[in-house]
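Me: I would like to learn how to read some features of a protein model. Can we go through them one at a time?

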Amino acid sequence: MKKPEILAPAGSLEALEAAVRCGADAVYLGQKNFSARANSRNFDAKELREAADYAHRFGVKIHQALNTVVFERELEALKECIRTACEAGVDALIVQDWGVAAAVKAFAPSMPLHASTQMAVHSPMGVETATRLGFSRVVLARELSREEIKAIRESTELEIETFVHGAHCMSMSGQCYMSAMFGGKSGNRGQCAQPCRLPFWAGCPSVPKTGENVLSLKDMSLVKRLPELAAMGIDSFKIEGRMKRPEYVAAAVTACKKALSGEQTDLDTLQAVFSRSGFTSAYFDGEMGREMFGFRRKEDVTAAAPVFKELAGLYHKDVPRVPVSVNLSMKAGEPAALTVTDGEHIVSVSGEIPREAASAPADLEQARKFLGKLGNTPFYLESLTGEIGEGLTMPASAFNALRRDAAEKLEEARKEPPVPFTDGEWPPLPERRDFTSSPEKWGKFQIASQVSSEVLGEFSKILLPVPELEAHWEALSDAKERLGAVLPRFLFDSETEFLSRLGALKERGLRYLYCDNAAHIALARKTGLEPLGGAFLNLNNSYAVLQAEKLGLTAALLSFEGKLEDMRKIRAGIPLGAVVYGYLPLMAVRSCPVKAQIGCAKCGKKGFVTDRKGISFPVRCDYDRSVSLIYNAVPLEMSDRKAEIGFLNFWLFSFTGETAEEVSAVIRRYNSGAKPAGEYTRGLYYRGID
């Protein structure tokens with residue numbers, strides 16, 4: 001069985017040293033920009049080189065998180081970030097944005113690409129799309145069960161990385177827009193302000209307020225399950241925590257090392273360093289419920305203080321971690337020779353000519369005393385062999401010189417050349433084309449009854465959930481050329497089922513599939529349906545859109561985190577649109593807070609969460625009940641700003657709980673240019689995100 005990698009976080013040089021000294025096999029970190037932990041200290045160009053040099057000396061890989069979405073105006077800065085990573089000696093880049101992946105392939109084609117957990121890859125078909133995008137490793141979503149992870153592992157040759165310890169976001173990674181909508185600080189830009197950690201209460205009409213901090217989950221810990229994951233074939237065990245202290249990194253790496261070697265692990269110390277009411281393995285075990293919710297309590301903070309000093313002893317000095325085998329040759333009349341290997345590299349050096357011993361001649365045991373003193377190097381002596389001629393000896397200084405020369409030469413041999421950066425022009429982009437004289441209207445609905453005869457002719461595309469299409473196909477047959485299927489936001493273990501159902505709908509005349517994640521795109525490819533890119537693909541730049549086009553998408557929505565002025569700059573060979581109306585989902589959660597606190601029966605699909613200001617946010621389960629969506633309290637509406645969104649090729653109207661009459665009223669407002677009715681938001685189209 002291949003030994004899995006222990007991958008540790010490093011938000012600072014001190015944390016990196018703690019990870020290396022405690023035995024991590026790889027460390028992930030970020031530069032000052034384009035990192036999904038922008039509030040950690042991170043590394044400038046000089047610090048990044050120092051970090052990589054230090055880690056590589058001990059045989060530890062450096063993975064750089066380049067995992068934020070990127071806007072058109074930032075492409076040159078992105079290019080310099082990639083250059084810096086290459087010149088510093090980074091071993092792999094962790095990427096969310098498809099455009100960033102394209103840039104890496106253009107300027108550093110031999111740089112390994114790891115698909116960030118921000119891509120929310122959660123199924124075999126999601127991995128299939130990641131493969132087509134050029135990734136060599138996938139960091140799986142944290143919300144997966146043992147069986148789901150196993151199914152993904154068995155489906156692909158790509159490397160699989162899983163989180164095994166650290167914080168749980170409430171929302172699926174890459175699918176949280178709460179911080180962005182509340183204050184312009186987006187998790188997809190590394191700026192999350194963590195509003196979910198503030199007090200929220202769950203409610204429904206019969207139970208208006210219950211629980212506390214219902215959007216905060218306990219930290220995950222699968223440390224004791226590492227042997228199980230290793231047997232499954234997982235390649236890398238990732239510890240979350242680039243915002244954490246070096247003591248946390250030291251404790252977590254040490255616990256993982258012990259668990260993998262079969263030793264007893266000290267989870268009490270880990271919990272004392274940092275936890276939110278303890279740990280949970282609920283996702284992995286498929287046992288989601290109230291017990292997985294937790295928040296940072298006063299006693300959690302108090303418990304940490306006594307253990308910090310003790311843990312500092314784990315990483316106060318460098319620890320040799322590279323075993324070497326040494327062969328010594330001492331023959332009369334010839335310079336002494338030393339050959340050293342780390343199992344991959346072999347070096348040889350020569351020194352003084354041995355002399356006749358006046359009393360006790362040298363032997364291998366004596367030589368070991370000198371040759372084994374490999375302090376201040378990454379090496380330790382694992383074995384010593386050789387031949388010493390009868391009656392010969394050398395002074396200690398000669399043995400020491402041999403050892404120093406060999407260690408220096410081996411360190412030099414172990415240095416790998418950095419990944420080449422090829423400077424040049426950006427790959428060509430298509431000219432932005434006008435596909436229609438005025439934007440088309442696309443309607444995305446939850447139920448067919450929302451589509452009245454009054455509005456049926458208004459929409460160029462009518463997008464409905466698969467069960468609604470199955471049940472109402474005949475009633476919608478007059479519009480069948482415009483119909484598109486909407487899948488659940490996340491498929492988990494239901495891909496095979498939907499593959500069959502979509503195939504049956506295609507036989508009846510279905511043409512389009514609305515795709516909100518990488519797995520949906522693979523399903524479209526397998527069924528032969530025309531894929532339309534949804535807003536949750538987080539497309540924010542021309543190269544991301546170009547990648548989408550290469551994947552077969554024939555139209556795509558831009559992310560609603562982008563400003564209109566940024567959207568205008570995007571060039572694409574396919575029609576581009578944006579959401580112009582709808583209650584935007586702020587989170588997609590697999591651990592429903594209303595279900596945990598109240599239960600589905602009492603909720604009756606009318607649940608909500610309420611914040612400190614008394615604002616309530618609707619919570620509705622997706623139609624297959626795989627996730628729940630927490631919606632904004634007011635709709636996005638642009639009915640009186642038509643001229644400012646007229647550059648788009650199409651507008652998406654996303655209807656959730658609206659009645660047919662309310663749908664009609666929305667369309668009438670857009671047709672007339674009337675102001676929105678009631679409370680509304682412009683979203684991020686003008687203020688943007690940090």
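Me: How many bridges join S12 to strand S13, and how do the two run?
Reply: Some ground rules come before that. This is a predicted model, where local features need pLDDT of at least 70, side-chain atom pairs count only at pLDDT 80 or more, and totals for chains, interfaces and linings use all residues. Residues are numbered from 1 along each chain as its sequence is written, and side-chain values use heavy atoms, with hydrogens and water left out. Helices (H or I, at least four residues) and strands (E, at least two) are DSSP runs, numbered from the N terminus. Two strands pair if DSSP finds at least two bridges between them. Here, S12 and strand S13 (residues 337-341) are joined by 5 bridges and run antiparallel. One bridge partnership is that of Ser 329 with Ala 337 in S13.

Me: In what order do the strands of this open sheet come?
Reply: The order is S14-S13-S12-S16, which makes 4 strands with mixed pairing. Strand S14 (346-350) and strand S16 (379-388) are at the edges with a single partner strand each, so one side of each has no neighbour in the sheet. From one strand to the next, the twist averages 20°.

Me: Which strands does helix H13 lie across?
Reply: Angles are taken between N-to-C directions and run from 0 to 180 degrees; axes are lines fitted to C-alpha atoms, for helices over the stretch in contact. Contact means heavy atoms within 4.5 Å. Helix H13 (residues 364-371) lies across S12, S13 and S16, at about 145° to S16. Helix H14 (residues 396-414) lies across S12, S13, S14 and S16, at about 150° to S14.

Me: Is Pro 320 buried, partly exposed or exposed?
Reply: Buried means under 20% relative accessible area, exposed over 50%, and partly exposed in between (1.4 Å probe, protein chains only). Pro 320 counts as partly exposed because its relative accessibility is 35%. Pro 320 is placed in the loop between helix H12 (298-312) and strand S12 (322-330). Between Pro 320 and Tyr 380 there are 5.8 Å in space, C-alpha to C-alpha, although they are 60 residues apart in sequence.

Me: Which residues have the most contacts inside the largest nonpolar core?
Reply: A nonpolar core is a set of buried Ala, Val, Leu, Ile, Met, Phe, Trp, Tyr and Cys residues joined through side-chain atoms within 4.5 Å. In the largest one, of 218 residues, they are Leu 78, Trp 98 and Phe 653. Helix H9 (residues 246-260) gives the most to this core, 9 residues. A second, separate core has 26 residues, including Val 326 and Phe 379.
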